[in-house]
Amino acid sequence: MQLLFELSKEHTTLPAAEAIASMNAEELKTNIISSTEDILLVETQTNNTTINRISQRLAYSFMIDELLFSCPATMDILLRNARNHPITAKGSIAIRCKNRSKHIDSELLIDQLGDVYTKNRPVNLTKPDIELRAVITENIAYLGIKKAAINTSHFQQRRGHFRPFLSPITLHPKIARAMVNLTQVKKQQTLLDPFCGTGGILIEAGLLGVNVIGSDIEQKMIDGSRKNLDFYQIKKYHLFCMDIANIIQYAPSVDAIATDFPYARSTTTKGEKIASLYDRAFETIAHVLKKKKYAVIGVSDQEIRTIGEQYLSHVGTYAIKSHRSLTRYFVVYKNE
Ligand SMILES: C[S@@+](CC[C@H](N)C(=O)[O-])C[C@H]1O[C@@H](n2cnc3c(N)ncnc32)[C@H](O)[C@@H]1O
């Protein structure tokens, strides 16, 4: 089957990378057919349970569909293809359209697809058995049947100010979740955040059933992380108040690392020169991360990436603009 991921378009490459990493984490073998800002299309063999597990991880996709067909995005070609691709499953139907093209009128399209697909079946717009989705991009149209809708509202509900312990350094939960997904960590494996701050990354990993270890040089951050993890009822965690170098003794071998490096503007480095701290941090990360596993690291400057490359292999970089025109770079490394 071909799976179509409807991407959020909040970033040009991160949503597709997150979806691919999440499929790898769930051990789904795939061939990538097409990857654009709008969609990711993959060929795979899978079932609803696996699709649901993947959908529950994602932060930057809206929907996962099973593709019926794709074709050039013109009305007549689309309708001709629709007539050649009947839906065999039984039950009521709703037709919905995500239209990102200026050349196709959504209402007219739904109307005409209705002529093709609602002949021998009832329409039910509130609780259909089958949701037919037309995803229209600038040049290509995709028609698919919804397999899973991705609920992203819970990320908003976990923003910093809804937690018992808040600090301005807190990452948005969507970004924290995408970082966790990019590590490809699996349920019951162990993820380390050695600059855990308020515990935002640990929360997102913990909610996926990952065992989490956090450390930070500030006792108030460790106390705050504990409050936050308890608030979300995350049970499998360990927290340590210590300098990053000392975590080697307490977490000598982990499956994944996701962390946001301190940046002098808003977090403490206890007087240490930032380049020296980053070098020590990368050295420690390479030491405790298992071979062939991934670390995802938030940095404020692209050049820091090269410090990491002395210890780890660079896989990808995703720039995200945050508040006050600050850009953070989320860098994925593999421990070869
Ligand atoms: C950018 S913040 C992390 C924010 C976190 N991701 C969150 O969502 O709250 C970086 C953290 O690194 C900690 N830190 C600074 N120097 C450290 C060191 N040498 N060892 C361990 N932690 C350190 C700071 O106390 C700060 O909490």
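Select A205 in this predicted model and display its surroundings: leaving aside residues up to four places away in sequence, A205 touches V180, V185, L191, V210, V212 and A258. A205 also belongs to the largest nonpolar core, which has 91 residues and in which M179, L191 and A205 are the ones with the most contacts. If you colour that core by element, the largest share, eight residues, turns out to come from helix α1, residues 14-25. The core also draws at least three residues from each of domain 1 (2-149) and domain 2 (155-334).

Next, extend the selection from A205 to the helix that holds it, α7, residues 200-207. Seven of its eight residues are buried, so α7 is largely enclosed by the rest of the structure; the buried ones are G200, I201, L202, I203, E204, A205 and G206. To see what encloses them, show α6, β8 (190-193), β9 (211-216), α8 (219-231), β10 (237-241) and β11 (254-260), against which the buried residues of α7 pack. Following α7 along the chain brings you to G209, whose phi is positive, near 85°.

From that list of packing partners, pick α6, residues 173-182. Here 10 of the 10 residues are buried, so this helix too is largely enclosed by the rest of the structure. The buried set, which includes the charged side chains K174 and R177, also contains M179, already met as one of the core residues with the most contacts. Just after α6, stop at Q184, which takes a positive phi of about 65°.

Another of the packing partners is α8, where I222 is worth selecting. With 19 C-beta neighbours inside 10 Å, I222 counts as partly exposed, because a residue needs 20 or more to be called buried. Which residues does I222 touch, not counting those up to four places away in sequence? They are D216, L239 and C241. For a distance check, draw a line from I222 to L239, which are 17 residues apart in sequence and 6.5 Å apart in space, C-alpha to C-alpha.

Now turn to the ligand and show its shell. 20 residues surround the ligand, and the closest are F195, G197, T198, G200 and D260. Of these, G200 has already appeared among the buried residues of α7. Colouring the shell by class gives nine nonpolar, seven polar and four charged residues.

Zoom out and colour by domain, with domain 1 covering 2-149 and domain 2 covering 155-334. The C-alpha centres of the two domains lie 34 Å apart. Where they meet, 12 residues of domain 1 are in contact with 13 residues of domain 2. On the domain 1 side of this contact, the largest share, seven residues, comes from α1, and by class that side has six nonpolar, four polar and two charged residues. Helix α1 therefore deserves a second look, because it gives the largest share of the nonpolar core, eight residues, under a criterion that counts buried nonpolar residues joined through C-beta atoms within 7 Å.

Stay with α1 and inspect the loops at its two ends, where the backbone angles call for attention. Most residues other than glycine have a negative phi. K9, in the loop between β1 (2-7) and α1, has a positive phi of about 65° although it is not a glycine. K9 is partly exposed, with 14 other C-beta atoms within 10 Å. In the loop between α1 and β2 (30-35) you will find E27, a residue other than glycine whose phi is near 60°, again a positive value. Is E27 buried or exposed? With 9 C-beta neighbours inside 10 Å, E27 counts as exposed.

Finish with the whole chain in view. The protein chain holds 11 helices and 14 strands, and along its principal axes the C-alpha trace spans about 70 × 35 × 35 Å. For 336 residues, a compact globule would have a radius of gyration near 20 Å, and the 22 Å of the protein chain agrees with this. Of those 336 residues, 40% count as buried. Finally, among contacts between residues at least 6 apart in sequence, 72% join residues at least 24 apart.

Conventions. Residues numbered from 1 in each chain as written. Predicted model: local features only at pLDDT ≥ 70, side-chain atom pairs only at ≥ 80, totals over all residues. Helix = DSSP H or I, 4+ residues; strand = E, 2+ residues; numbered from the N terminus. Rg over C-alpha atoms; globule rule 2.2 N^0.38 Å. Buried ≥ 20, exposed ≤ 12 C-beta atoms within 10 Å, placed from the backbone. Contact = placed C-beta atoms within 7 Å. Near = placed C-beta within 6 Å. Nonpolar A, V, L, I, M, F, W, Y, C, P; charged D, E, K, R; others polar. Domains from an automatic or database assignment.
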